[in-house]
Amino acid sequence: MPRMRRPLSMRTLDRSPDNELYDHGCDLVAAAMAIRELAGSPDAARAVPAVLGCVEATMRALAEAAAGLERVTERADGLRSRRDRPDALASRSARMHHGFTNLRQALEDGERAAAAARPLASRMLAPTETAGRR
């Protein structure tokens, strides 16, 4: 497995979990923006299959993280909404679960799409036999 650079926010272990979570979310956005900026560079073509592998792994990790985000949101909502009517709480909870289910499905679809694109990009970038004969 290639060595990955550690985001700056991973080095600050003495911070509260909510600040750490937000900082890692910001790192994710910053990484996506940097990838977007470099994606069109002809000099970056060799990295495309590897980056698609990173996208695949990221989508998998985010789908798994979405389950944790759903659980923590549900626990926080349950503590906060004891004053609500049971039917209002059940309706809000059902909508939230539906939203997180859709999010996980979309992330899993993204993971599969990146997995499918990776070998296609690799084949396009591989030297061909006919190119060596010229």
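**Salt bridges, helices and exposure**

Q: What links Arg15, Glu20 and Asp23 to one another?
A: Arg15, Glu20 and Asp23 are joined in a network of salt bridges, where a salt bridge is a side-chain nitrogen of Lys or Arg within 4 Å of a carboxyl oxygen of Asp or Glu. The structure is a predicted model, in which local features need pLDDT of at least 70 and side-chain atom pairs count only at pLDDT 80 or more, while totals for chains, interfaces and linings use all residues. Residues are numbered from 1 along each chain as its sequence is written, and side-chain values use heavy atoms, with hydrogens and water left out.

Q: How many salt bridges does the structure hold?
A: The structure holds seven salt bridges. As a general matter, side chains of opposite charge can pair when their charged atoms come close.

Q: Why is the pairing of arginine 60 with glutamate 56 called a salt bridge?
A: The N to O distance between these two side chains is 3.6 Å, which is within 4 Å, and therefore the pair of arginine 60 and glutamate 56 counts as a salt bridge. Both residues lie in helix H2 (residues 48–80), four residues apart, or about one turn of the helix; helices here are DSSP runs (H or I, at least four residues), numbered from the N terminus.

Q: What makes glutamate 56 buried or exposed?
A: The relative accessible area of glutamate 56 is 17%, and the residue is therefore buried, given that buried means under 20%, exposed over 50%, and partly exposed in between (1.4 Å probe, protein chains only). Its partner arginine 60 has a value of 34% and is therefore partly exposed.

Q: How do you know that glutamate 111 and arginine 60 meet in a salt bridge, and which parts does the pair tie together?
A: The side chains of glutamate 111 and arginine 60 come to 2.9 Å, N to O, and this distance meets the salt-bridge cut-off. Glutamate 111 lies in helix H3 (residues 86–125) and arginine 60 in helix H2, so the pair ties together parts that are 51 residues apart in sequence. Glutamate 111 has a relative accessible area of 18% and is therefore buried.

Q: What makes arginine 112 and aspartate 109 a salt bridge?
A: The closest N and O atoms of arginine 112 and aspartate 109 are 2.5 Å apart, so the pair satisfies the salt-bridge cut-off. Both residues lie in helix H3, three residues apart, about one turn of the helix. Arginine 112, at 46% relative accessibility, is partly exposed, and aspartate 109, at 38%, also counts as partly exposed.

Q: How do you know that arginine 104 makes a polar contact with glutamate 70?
A: The side chains of arginine 104 and glutamate 70 make a polar contact at 2.6 Å, and a polar contact is a pair of N or O atoms within 3.5 Å (within protein, one must be able to donate a hydrogen and the other to accept it, and residues adjacent in sequence count only if both atoms are side-chain atoms). Arginine 104 lies in helix H3, and it is 44 residues from arginine 60 in sequence but 9.2 Å from it in space, C-alpha to C-alpha.

Q: Why is leucine 21 called exposed?
A: Leucine 21 has a relative accessibility of 54%, which is over 50%, and therefore counts as exposed. Leucine 21 is found in helix H1 (residues 17–38).

Key: Helices (H or I, at least four residues) and strands (E, at least two) are DSSP runs, numbered from the N terminus.
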